[in-house]
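Biologist: I should like to learn how the features of a protein model are read from its atoms. May we go through one case together?

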Amino acid sequence: MSDQLRESISALMDGEADELELRRIMSTDNDESVRSTWARYHLVREVMQDNDTGAYRHLDISSQVSMAIGHNNGRLSEEKIDQLESVVAQKVSDDQQKTIVWWRPMAGFAVAASVAMAVIVGVQTLETNATSELASGFPVASKAPMTSRVYPVAGASMQASGGASNAVRYQSSELPGDIAASRAAADLEARHRLERYMLRHTERAVLNNGQGMISFARVASFDKK
Amino acid sequence: MMSALRHLPLSTIGLFVFACLIMPAGGLVYADDSPQIALSRMSHSFRELDYHGTFSFQRGSSTESFRIAHSVIDGEEFERLEYLDGEKREIVRRGHHLNCIHPGHKLLRFYQQQQAQLGSSANAGVGSFYEFAVNGTGRVAGREVVNLQIIPKDTHRFEHHLSLDKETGLLLRTELIGPGKTVLERFQFVEITIGEPLAGEQFVDAGASYQAYHTEPSVTANVAGNTVGDGWTVQWMPTGFTSTVANVKFVTGDIATFTDGLTVFSVFLESDVDLNLVQRGLEGRAQKGATTAYTRLLVLADRPHRITVVGEIPAQTAQQIAQSVRLVSSR
């Protein structure tokens with residue numbers, strides 16, 4: 001594997017890969033080594049950060065997605081989508097018990113199964129408490145906790161599967177280059193929304209859980225007023 | 001009445017309530033040191049006693065410290081919680097009347113549990129959804145405690161380990177236990193002074209305060225009786241949870257909160273969802289200590305809605321609850 005490819009993988013991990021790098025990774029002949037490098041880099045990052053965020057590391061759904069795509073000339077049958085979703089959902093729920101990390105999006109899992117072309121991207125940069133810099137020599141540029149996440153690449157359609165009867169499709173017109181920016185904005189928005197919700201929930205919980213004011217300790221930050 | 005009562009030792013109040021309720025009920029008696037009585041005392045003591053002290057809150061690998069003060073002044077609660085680590089901030093709550101009893105408190109209190117035992121149609125109280133065990137005694141924050149183990153009968157709640165002050169019933173230490181006996185979070189008093197009231201001036205905003213919002217436990221007019229307009233309901237939730245707002249057929253705001261007396265979760269509904277943001281996530285989950293937040297999009301009435309469930313419940317339960325949200329139209 002070339003150094004260039006390794007750098008591209010590292011960039012992808014940090015959410016900084018551009019379209020060219022994305023293509024480089026996706027068009028590589030040696031699929032297996034890309035995958036193992038990907039997994040290894042994450043392992044390195046976790047060990048260095050000494051955190052417990054690797055619960056989804058082994059969850060590689062790429063082969064199932066590509067298999068499904070291959071069998072259907074790029075179009076997925078509804079049945080296949082359901083099947084994939086349930087496989088993924090099962091794996092995710094098996095793992096949920098172990099995790100203790102704040103804000104772990106799993107948007108991608110529902111999305112992945114229904115996109116015509118997908119790439120697995122493991123980036124999530126919320127809540128980074130890191131202060132020290134990493135030692136050089138490792139292909140790791142960010143200390144953010146990692147989570148597995150799947151993003152649609154180009155011309156992807158998404159399926160919102162909210163109960164069997166009311167599924168609907170949204171068309172994405174976004175170019176890959178825009179993804180990182182709008183994803184960061186959306187993640188920030190999501191985090192703020194959750195903090196607001198957390199506060200409102202806790203305001204009601206302290207009145208109804210028999211423990212009172214101490215429960216406010218669960219709310220890490222809030223707007224003064 | 002309340003201000004006179006509050007100077008009595010709590011056990012006296014407990015016995016008084018006990019006596020009042022036991023007579024007409026027909027002789028169903030818990031031993032005085034039973035977990036049910038202990039829980040009932042807990043639900044009174046944290047609201048009715050004067051206390052101040054510091055406690056630590058631990059979840060995952062992080063620990064934070066807090067200073068808490070609670071006084072009852074003229075029958076009203078005055079409370080302040082200071083965050084001792086990081087940015088200076090505090091939460092102040094004043095003037096919560098002791099007679100203002102929320103559904104969650106009722107579920108913990110003795111008479112409710114007793115009604116349940118008698119087969120009343122009222123919500124059965126925590127006794128129906130958890131197993132209780134007294135797990136010896138110990139010492140927390142220099143005081144003698146009774147340890148209670150509260151184990152849920154289903155998988156939709158967490159196990160609670162409580163240490164209650166022997167003398168007053170005040171909660172001094174609590175752990176929430178997840179699957180595999182993992183401690184999800186832990187509150188523990190480091191030191192506490194009980195029975196020394198602080199003056200009202202102690203509860204004035206210090207400039208970095210958040211004034212906690214208080215929801216009335218029962219809603220007057222215009223909600224339950226209002227037949228114009230739309231709302232939403234949560235069609236599935238674990239048994240034993242009741243709305244913290246009484247007498248409402250469906251939710252008209254963007255939040256609904258449910259409690260079983262020990263466990264609380266809230267459901268939020270947003271109807272105007274920005275489709276550009278929608279594309280970034282149809283489903284998401286967050287976990288911090290015992291608190292789960294689960295978000296997903298549902299198409300309701302042909303429009304995307306974002307449903308978020310926040311609570312101290314397992315992720316899968318939150319997911320099930322979120323998926324059961326439906327709009328209702330009364331027109």
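Modeller: The discussion below takes up chain B as a whole, then a pair of helices, a group of strands and several salt bridges. Please bear in mind that this is a predicted model.

Biologist: Let us begin with the overall picture. How many helices and strands does chain B have?

Modeller: The secondary structure of chain B amounts to seven helices and 18 strands. Of its 331 residues, 55% count as buried. As for contacts in chain B between residues at least 6 apart in sequence, 53% join residues at least 24 apart.

Biologist: How does one describe two packed helices?

Modeller: One gives the angle between their axes and the distance between the axes. In chain A, the axes of helix α1 (residues 3-13) and helix α2 (residues 19-26) come within 9 Å and cross at roughly 115°. The crossing of α1(A) past α2(A) is left-handed.

Biologist: Which residues of α1(A) and α2(A) meet?

Modeller: From α1(A) the residues are Gln4(A), Leu5(A), Ser8(A), Ile9(A), Ala11(A) and Leu12(A), and they meet Glu21(A), Leu22(A), Arg24(A) and Ile25(A) of α2(A). By character, the residues of this contact divide into six nonpolar, two polar and two charged.

Biologist: Why do residues three or four places apart in an α-helix point the same way?

Modeller: An α-helix has 3.6 residues a turn, so residues at that spacing point the same way. Turning to burial, the buried residues of α1(A) are Leu5(A), Ser8(A), Ile9(A), Ser10(A), Ala11(A), Leu12(A) and Met13(A). After α1(A) comes Gly15(A), with a positive phi near 75°.

Biologist: I now turn to strands. Why is strand β13 of chain B described as largely enclosed by the rest of the structure?

Modeller: Strand β13(B), residues 255-259, is described in that way because five of its five residues are buried. Both of its faces are covered: Ile255(B), Thr257(B) and Thr259(B) are buried on one side, and Ala256(B) and Phe258(B) on the other.

Biologist: In what sense do β13(B) and strand β14 of chain B pair, parallel or antiparallel?

Modeller: The pairing of β13(B) with β14(B), residues 264-270, is antiparallel and spans five bridges. Within it, Thr259(B) stands opposite Val264(B). The two strands form a hairpin with four residues between them, and Gly261(B) in the turn has a positive phi of about 105°. Strand β12(B), residues 242-243, is also joined to β13(B), by two bridges and in an antiparallel direction. There, Ser243(B) has Phe258(B) as its bridge partner.

Biologist: What can be said of a single strand residue such as Ser56(B), and is Ser56(B) buried or exposed?

Modeller: Ser56(B) belongs to strand β1(B), residues 51-59. With a relative accessible area of 18%, Ser56(B) is buried, since the cut-off for that class is under 20%. Apart from neighbours within four places in sequence, its contacts are Thr63(B), Glu64(B), Ser65(B), Arg186(B), Phe187(B), Gln188(B) and Val190(B).

Biologist: How many salt bridges does a search of the whole structure find?

Modeller: The search finds 17 over all chains. One of them joins the side chains of Arg67(B) and Glu82(B), at 3.3 Å from N to O. Arg67(B) lies in strand β2(B), residues 62-73, and Glu82(B) in strand β3(B), residues 76-83, so the pair ties together parts that are 15 residues apart in sequence. Arg67(B) is partly exposed at 38% relative accessible area, whereas Glu82(B) is buried at 14%.

Biologist: Where do Glu159(B) and Lys181(B) lie?

Modeller: The side chains of Glu159(B) and Lys181(B) meet in a salt bridge of 3.0 Å, N to O. Glu159(B) is in strand β7(B), residues 159-165, and Lys181(B) is in the loop between β8 (171-177) and β9 (183-194) of chain B, so the pair ties together parts that are 22 residues apart in sequence. Glu159(B) is buried, with a relative accessible area of 8%, while Lys181(B) is exposed, with 59%.

Biologist: Which residue forms a salt bridge with Arg173(B)?

Modeller: Its partner is Glu175(B), with the closest N and O atoms 3.3 Å apart. Arg173(B) is partly exposed at 23% relative accessible area, and Glu175(B) is buried at 10%. Salt bridges may also be linked in a network, as they are for Arg193(A), Glu270(B) and Arg306(B).

Methods. Residues are numbered from 1 along each chain as its sequence is written. Chains are lettered from A and ligands numbered from 1 in the order in which they are written. This is a predicted model: local features need pLDDT of at least 70, side-chain atom pairs count only at pLDDT 80 or more; totals for chains, interfaces and linings use all residues. Side-chain values use heavy atoms; hydrogens and water are left out. Buried means under 20% relative accessible area, exposed over 50%, partly exposed in between (1.4 Å probe, protein chains only). Contact means heavy atoms within 4.5 Å. Axes are lines fitted to C-alpha atoms, for helices over the stretch in contact, and angles run from 0 to 180 degrees between N-to-C directions. A crossing is left-handed if the near helix is turned anticlockwise from the far one by less than a right angle, and right-handed if clockwise. Ala, Val, Leu, Ile, Met, Phe, Trp, Tyr, Cys and Pro count as nonpolar, Asp, Glu, Lys and Arg as charged, and the others, Gly among them, as polar. A salt bridge is a side-chain nitrogen of Lys or Arg within 4 Å of a carboxyl oxygen of Asp or Glu. Two strands pair if DSSP finds at least two bridges between them.
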